[in-house]
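Trainee: Please take me through the aromatic rings of this model and whatever surrounds them. I would like one close, connected look, with each term spelled out as you go.

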Amino acid sequence: MTHCEKATCELIDKLNESGGVIDMFNDFFQGCDYLDAVNKGKIKVGDTILMLSLDGAQLYWNKQSDFWMYIWVIYELSPDLRYKKKYVLPGAVIPGLNKPKNMESFLFPGLHQLSAVQQEGLKVWDAF
């Protein structure tokens with residue numbers, strides 16, 4: 001869970017040594033939006049970065065039945081672990097015949113919980 005912090009520190013050191021040039025982009029940490037947020041103090045040491053991914057699927061070949069789901073991906077993990085099944089967290093499964101008309105109503109409970117954790121904090125024991 002410290003990949004983000006280590007990768008960011010290494011990247012900033014490398015950028016300082018190379019005059020702001022990145023030779024290879026292989027993770028989102030090297031993107032200018034992320035680096036800009038770090039430089040502006042929007043992302044601080046100890047912050048957890050999550051990605052919400054939403055998609056739909058057809059359940060049966062000849063039947064008009066869909067479902068939608070969203071997942072949370074924890075970007076604090078290294079890329080070789082980040083997308084493994086045990087680290088991808090399910091957010092919600094939305095059943096139905098058609099695409100939901102108001103997707104925000106299904107996203108709200110998960111985003112509300114995330115907001116509560118951001119405001120109140122979540123104490124986690126660090127074994128290291």
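Mentor: Let us begin with the rings and work outwards from there.

This is a predicted model, in which residues are numbered from 1 along each chain as its sequence is written, and local features need pLDDT of at least 70, side-chain atom pairs count only at pLDDT 80 or more, while totals for chains, interfaces and linings use all residues. Side-chain values use heavy atoms, with hydrogens and water left out.

The structure holds 5 aromatic pairs. Rings of Phe, Tyr and Trp (its six-membered ring) pair if their centres lie within 6.5 Å; planes under 30 degrees apart count as stacked, over 60 as edge-to-face and the rest as tilted. One of these pairs is Phe29 with Tyr34, edge-to-face at 5.2 Å centre to centre, with 75° between the planes. Another joins Tyr70 and Trp72: their ring centres are 5.9 Å apart and their planes stand at 85°, so this pair is edge-to-face. Ring pairs also link Phe28, Phe29, Tyr34 and Tyr75 into a cluster.

How covered are these rings? Buried means under 20% relative accessible area, exposed over 50%, and partly exposed in between (1.4 Å probe, protein chains only). Phe29 and Tyr34 are both buried. Tyr70 is buried at a relative accessible area of 2%, and Trp72 is buried at 13%.

Some of the cluster also takes part in a nonpolar core, a set of buried Ala, Val, Leu, Ile, Met, Phe, Trp, Tyr and Cys residues joined through side-chain atoms within 4.5 Å. The largest nonpolar core has 12 residues, among them Phe29, Tyr34 and Tyr75, along with others including Leu11, Leu15, Val38 and Ile49. Helix H1 (3-18) and helix H2 (32-39) each supply at least two residues of this core, and H1 gives the largest share, 4 residues. Helices (H or I, at least four residues) and strands (E, at least two) are DSSP runs, numbered from the N terminus.

Now for the charge beside the cluster. Arg82 lies over the face of Tyr75, at 4.5 Å from the ring centre. A charge sits over a ring if NZ of Lys or CZ of Arg is within 6 Å of the ring centre and within 35 degrees of the ring normal.

Arg82 has a charged partner too. Side chains of opposite charge can pair when their charged atoms come close. A salt bridge is a side-chain nitrogen of Lys or Arg within 4 Å of a carboxyl oxygen of Asp or Glu, and by this rule the count comes to 3. Asp27 forms one with Arg82, where the closest N and O atoms are 2.9 Å apart. That pair links distant parts of the chain: Asp27 is in the loop between H1 and H2, Arg82 is in helix H3 (residues 79-82), and 55 residues separate them. Asp27 and Arg82 are both buried.

The other salt bridges make a useful contrast in cover. Asp23 pairs with Lys14, with the closest N and O atoms 3.1 Å apart; Asp23 is exposed at 63% relative accessible area, and Lys14 is partly exposed at 41%. Lys40 pairs with Asp36 at 3.2 Å between the closest N and O atoms; Lys40 is exposed at 56%, while Asp36 is partly exposed at 36%.

So, to follow the thread on your screen, start at Tyr75, whose face lies under Arg82, and then step from Arg82 to its salt-bridge partner, Asp27.
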